[in-house]
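Here are my notes for a first look at this model. Have the sequence and the 3D view open as you go through the points.

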Amino acid sequence: MCLPVGSRFRIGEGAVVEVTQIGKTCHHRCEIYHQVGDCVMTREGIFARVLESGTIRPGDTISPA
């Protein structure tokens with residue numbers, strides 16, 4: 001699935017987020033690297049800002065906003 005920067009999603013009970021960054025460069029062997037032996041953020045991480053707050057729980061549906 002391709003999630004371009006600017007994509008918006010509704011999560012759970014009314015929360016809306018917007019993707020602001022796809023992955024990050026691991027410059028200094030971050031805490032994730034030390035815990036799992038690899039920094040997955042360059043391949044799997046996304047960052048988003050909250051546009052509308054709401055309750056989010058494990059298992060909630062994520063859909064395009």
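1. Let's start with alanine 15, which lies in strand S2; strands here are DSSP runs of E with at least two residues, helices are runs of H or I with at least four residues, and both are numbered from the N terminus. Alanine 15 is buried, at a relative accessible area of 4%. Buried means under 20% relative accessible area, exposed means over 50%, and partly exposed is in between (1.4 Å probe, protein chains only).

2. A word on what you are looking at: this is a predicted model, where local features need pLDDT of at least 70 and side-chain atom pairs count only at pLDDT 80 or more, while totals for chains, interfaces and linings use all residues. Residues are numbered from 1 along each chain as its sequence is written, and side-chain values use heavy atoms, with hydrogens and water left out.

3. Which residues does alanine 15 contact, leaving aside neighbours within four places in sequence? They are Phe9, Arg10, Glu52, Ser53, Gly54 and Ile56, where contact means heavy atoms within 4.5 Å. Threonine 55 is 40 residues from alanine 15 in sequence, yet their C-alpha atoms are 6.6 Å apart in space.

4. Now go to glutamate 18, also placed in strand S2. Is glutamate 18 buried or exposed? With a relative accessible area of 11%, glutamate 18 is buried. Its side chain and that of arginine 49 are joined by a polar contact of 2.7 Å. A polar contact is a pair of N or O atoms within 3.5 Å; within protein, one must be able to donate a hydrogen and the other to accept it, and residues adjacent in sequence count only if both atoms are side-chain atoms. Not counting residues up to four places away in sequence, glutamate 18 touches Gly6, Ser7, Arg8, Phe47, Ala48, Arg49 and Leu51.

5. One of those partners, serine 7, sits in the segment before strand S1 (8-11). Serine 7 counts as buried, at 15% relative accessibility. A polar atom of the serine 7 side chain lies 2.7 Å from the backbone oxygen of proline 4. Setting aside residues up to four places away in sequence, serine 7 touches Val17, Glu18 and Val19.

6. For an exposed acidic residue, try glutamate 13, in the loop between S1 and strand S2 (15-22). Its relative accessible area is 54%, so glutamate 13 counts as exposed. The side chain of glutamate 13 still makes a polar contact with the side chain of arginine 57, at 2.8 Å. Outside residues up to four places away in sequence, glutamate 13 touches Gly54, Thr55 and Arg57. Its C-alpha atom is separated by 8.3 Å from that of aspartate 60, 47 residues apart along the chain.

7. Zooming out, the protein has two helices and four strands, running β-β-α-α-β-β from the N terminus on. The radius of gyration is 14 Å, well over the 11 Å that the globule rule gives for 65 residues, so the protein is more spread out than a compact globule. That radius is taken over C-alpha atoms, and the rule is 2.2 Å times the number of residues to the power 0.38. Along its principal axes the C-alpha trace spans about 35 × 25 × 20 Å.

8. Last, some totals: 18% of the 65 residues count as buried. Among contacts between residues at least 6 apart in sequence, 58% join residues at least 24 apart.
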